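Please take me through the salt bridges in this model, one selection at a time. I have the structure open in a viewer.

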Amino acid sequence: ELLQLRAKYYEAVIKEMLRSLDVPLEKLKFVTGTDYQLSREYTLDVYRLSSVVTDHDARKAGAEVVKQVAHPLLSGLLYPGLQALDEEYLGVDAQFGGVDQRKIFMFAEKYLPLLGYKKRVHFMNPMIPGLTGDKMSSSEPDSKIDLIDPPAAVKKKINKAFCEPGNVTNNGLLSFSQYVVFPYLGEKEFEINRKPEHGGNVSYATFEELKE
């Protein structure tokens, strides 16, 4: 029941995000894993895949998305294969994810053909660092802005975010500006309101100006 509620929540949130960007939703379709993962065919393919995947490849594929521990659970080794099979059972032509998914994408390109299935196209986007300077984590609320955070909570997180002068690599605010704020603004300038004692208001026409 909790899983079903989460699926409904994400569907509602994703639709609202796309609507805010004027993306048409007529062809958008949501499919939950249980729609096909409980089928006989899918289960047999899990067994077929398990018979050809090596322990080394399974560990390597999940290295960036599965928590690495000294004694990993079997579920972590199965994860890359299950994600690869999703491509076939969803009937998609491509899969989209962050660059942290690249090893799983390579895993899928290698092993799906061994089951007689075609390779898919894979698209990746950059990963935005967390607001704390490290990777975003669901277990660390201050590292990310939740979709249902009220304005006061968003402002609080931004004000306390890690933003070291000269650090343009692990800077969540800078990356968020580059990949979200500037594309959203288009040709408009990015205006930052500051108190006079902090240098006064300033505006940037491009991300490069802000970065410098």
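**A tour of three salt bridges**

Start by selecting Glu64, which is partly exposed because its relative accessibility is 25%. This is a predicted model.

Next, add Arg102 to the selection: Glu64 forms a salt bridge with Arg102, and their closest N and O atoms are 3.0 Å apart. The two residues come from distant parts of the chain, 38 residues apart: Glu64 sits in the loop between H3 and helix H4 (74–90), while Arg102 belongs to helix H5 (residues 102–111). Arg102 also counts as partly exposed, at 37% relative accessibility.

Now select Lys135 and Asp100. This pair forms a salt bridge too, with the closest N and O atoms 4.0 Å apart. Lys135 is in the loop between strand E2 (121–125) and helix H6 (151–159), and Asp100 is in the loop between strand E1 (94–98) and H5, so the salt bridge ties together parts 35 residues apart in sequence. Is Asp100 buried or exposed? Asp100 is buried, because its relative accessible area is 12%, and buried means under 20%.

For the last stop, select Arg59 and Asp55. Arg59 forms a salt bridge with Asp55, and the closest N and O atoms are 2.9 Å apart. Where do these two residues lie? Both are in helix H3 (residues 55–61), 4 residues apart, which is about one turn of the helix. Arg59 is partly exposed, with a relative accessible area of 38%, and Asp55 is partly exposed at 43%.

These stops are among the 12 salt bridges counted in the model.

How values were computed. Residues numbered from 1 in each chain as written. Predicted model: local features only at pLDDT ≥ 70, side-chain atom pairs only at ≥ 80, totals over all residues. Heavy atoms only, no water. Salt bridge = Lys/Arg side-chain N within 4 Å of Asp/Glu carboxyl O. Buried < 20%, exposed > 50% of the residue type's maximum accessible area, 1.4 Å probe, protein only.
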